[in-house]
Amino acid sequence: MTETGSTNGDGRQDDMEEVLAEVGPRLRRIRKERGATLAGLSEATGISVSTLSRLESGLRKPSLELLLPIARAHEVALDELVGAPAVRDPRVRSEPIVRHGRTYWPLTRQPGGLQAFKVRVPPGEEKPDPGTHEGYEWVYVLSGRLRLVLGDHDLVLTAGEAVEFDTRVPHWFGSTAEGPAEFLSLFGPQGERMHVRARPRRA
């Protein structure tokens, strides 16, 4: 597949900064819930009062070396001190991309690595124009009849059929005059491969 787009990332660095910013208030809350003072916590952990104070106020960035003894002193799991970012809605809501009459629906959000697309090819009698690029592709036909020209092969794939190939081999996709074709494409720009293997039937 040669005419696809990629989606933007969704701010992993921002999520990390948000988590770190919440550690200080959480440390103060847990300490007060246990009725501990900074001096008492300092004696139990070996961490100076000033360092503990700076941690709680957000002036000192938390580290594992500091958080582990605090977690032991409070008898809580480390996860309770650090917390975790809320799990965002996993649904991918992306706008379709129309190029050369074909419609692409991105099914992955992160750029790079394995990319997934749903593709709709309108009916027609296009002239094959094979191209090559780095990567590996896996295709599964959802509906219609999809024509694939791959090297010396000229195939018509029907719903339920799958193919996989090295995209350095000249290739081209198109529908037939009988109607549109829709398929799923998994594309690995760095040569990632997805193999669908069926268990051999026993004799």
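## Exposed or buried?

A residue counts as exposed when its relative accessible area is over 50%, and as buried when that value is under 20%. Keep these cut-offs in mind as you explore this predicted model.

Let's try them on histidine 100, which sits in the loop joining strand S1 (97-99) and strand S2 (102-106). Its relative accessibility is 68%, so histidine 100 is classed as exposed. Now look for valine 121: it lies 21 residues away from histidine 100 in sequence, and their C-alpha atoms are 9.6 Å apart in space.

## Two nonpolar cores

In soluble globular proteins, nonpolar side chains tend to be buried together. Here, the largest nonpolar core contains 15 residues, and Leu146, Phe173 and Phe183 have the most contacts inside it. At least two residues of this core come from each of strand S3 (115-121), strand S4 (136-143), strand S5 (145-150), strand S7 (162-166) and strand S9 (181-188). There is also a second, separate core of 13 residues, with Leu52, Leu55, Leu67 and Leu81 among them.

Zoom in on leucine 146. Beyond its neighbours within four places in sequence, leucine 146 has contacts that include Val121, Val139, Leu155, Phe173, Gly174 and Phe183.

## Where two helices cross

How do helix H2 (residues 38-45) and helix H4 (residues 64-74) cross? Their axes come within 9 Å and make an angle of roughly 110 degrees. H2 and H4 are therefore roughly perpendicular to each other.

At this crossing, Leu41, Ala44 and Thr45 of H2 meet Pro69, Ile70, Ala73 and His74 of H4. Five of the residues in this contact are nonpolar, two are polar and none is charged.

Note on methods
Residues are numbered from 1 along each chain as its sequence is written. This is a predicted model: local features need pLDDT of at least 70, side-chain atom pairs count only at pLDDT 80 or more; totals for chains, interfaces and linings use all residues. Side-chain values use heavy atoms; hydrogens and water are left out. A nonpolar core is a set of buried Ala, Val, Leu, Ile, Met, Phe, Trp, Tyr and Cys residues joined through side-chain atoms within 4.5 Å. Buried means under 20% relative accessible area, exposed over 50%, partly exposed in between (1.4 Å probe, protein chains only). Helices (H or I, at least four residues) and strands (E, at least two) are DSSP runs, numbered from the N terminus. Contact means heavy atoms within 4.5 Å. Axes are lines fitted to C-alpha atoms, for helices over the stretch in contact, and angles run from 0 to 180 degrees between N-to-C directions. Angles under 35 degrees count as roughly parallel, over 145 as roughly antiparallel, 65 to 115 as roughly perpendicular and the rest as oblique. Ala, Val, Leu, Ile, Met, Phe, Trp, Tyr, Cys and Pro count as nonpolar, Asp, Glu, Lys and Arg as charged, and the others, Gly among them, as polar.
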